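Visitor: I am new to this structure and should like to understand the terms used to describe it. Could you show me the model and explain the reasoning step by step?

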Amino acid sequence: MKTVLLALTIVAAVVLPTAQSLRYTAYKTKVSFFEAWQQCIVKGGSLVSIELASQNSMVLREIKKAGGDSEWWLSGTDVGLEGSWIWFSRNTPVGSPFGFLNFGSGEPNNAGSNGEHCLAINSLGKWNDVSCDKLLYYVCEFYFR
């Protein structure tokens, strides 16, 4: 039993990046969710996934440095199954592994006429579900060693 637990600990340490090993860049070009995801890959990173309050704060800081006053894409989506949010860039459930969620009051609400299946962060750091076709700015995350 101790061997299995040790192996799981080692795998988690190797697979999960720490907040300190990530840097964030906010881009003031309005694109759809999937275009933002693709642009981050082209730039050598990934569309941002937020797993800790400290990451949320760092992303918000980058947005403010870029002059952000509207919504910005995160990599969260429930496009495959309504209400089952995943970080598309990491293929992990939103809120795991650390339980951090930061939805605005009443969100996610899927209120759009064609549904709202992608996550955005606003200038207050709160998350909102919006249509994936909406044109928003975006934030990429990059690993450094």
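Guide: The conversation below takes up a predicted model and the grounds for the terms applied to it.

Visitor: What makes E71 a buried residue?

Guide: The relative accessible area of E71 is 15%. Buried means under 20%, and therefore E71 is called buried. E71 lies in the loop between helix 3 (53-65) and strand 3 (72-77).

Visitor: How do you know that the side chains of E71 and N128 are joined by a polar contact?

Guide: The distance given for the side chains of E71 and N128 is 3.0 Å, and a polar contact requires N or O atoms within 3.5 Å. A polar contact of 3.0 Å also joins the side chains of E71 and K134. Leaving aside neighbours within four places in sequence, E71 is in contact with several residues, among them A120, I121 and Y137.

Visitor: Why are strand 6 and strand 7 said to pair?

Guide: Two strands pair if at least two bridges are found between them. Four bridges join strand 6 to strand 7 (residues 127-130), so the two strands are paired, and they run antiparallel. In this pairing A120 stands opposite N128 in strand 7. The two strands form a hairpin with five residues between them, and G125 in the turn has a positive phi of about 90°.

Visitor: How do you know that strand 3 and strand 6 pair as well?

Guide: Three bridges are found between strand 3 and strand 6, in the antiparallel sense, and at least two are required. W72 stands opposite I121 in strand 6. Both faces of strand 6 (residues 118-121) are covered, with C118 and A120 buried on one side and L119 and I121 buried on the other.

Visitor: What makes C40 and C140 a disulfide?

Guide: The distance from S to S is 2.0 Å, and the cut-off is 2.5 Å; the pair therefore qualifies as a disulfide. The pair links distant parts of the chain, with C40 in helix 2 (residues 33-42) and C140 in strand 8 (residues 136-143), 100 residues apart. The relative accessible area of C40 is 0%, and that of C140 is 0%. Since buried means under 20%, C40 is buried and C140 is buried.

Visitor: Why is the disulfide of C40 and C140 called left-handed or right-handed?

Guide: The torsion about its S-S bond is about -85°, so this disulfide is left-handed. A search of the whole structure finds two disulfides, and another joins C118 to C132, with S to S 1.9 Å. The torsion about the S-S bond of C118 and C132 is about 90°, so that disulfide is right-handed. C118 lies in strand 6 and C132 in the loop between strand 7 and strand 8, so the pair ties together parts that are 14 residues apart in sequence.

Visitor: Why is N91 called exposed, and N110 partly exposed?

Guide: Exposed means over 50%, and N91 has a relative accessible area of 61%, so N91 is exposed. N110 is at 28% relative accessibility. Partly exposed covers values between 20% and 50%, and therefore N110 counts as partly exposed.

Visitor: What makes the phi of N91 notable?

Guide: Most residues other than glycine have a negative phi. N91 has a positive phi of about 55° although it is not a glycine. Phi of N110, likewise a residue other than glycine, is near 50°, a positive value.

Note on methods
Residues are numbered from 1 along each chain as its sequence is written. This is a predicted model: local features need pLDDT of at least 70, side-chain atom pairs count only at pLDDT 80 or more; totals for chains, interfaces and linings use all residues. Side-chain values use heavy atoms; hydrogens and water are left out. Buried means under 20% relative accessible area, exposed over 50%, partly exposed in between (1.4 Å probe, protein chains only). A polar contact is a pair of N or O atoms within 3.5 Å; within protein, one must be able to donate a hydrogen and the other to accept it, and residues adjacent in sequence count only if both atoms are side-chain atoms. Contact means heavy atoms within 4.5 Å.
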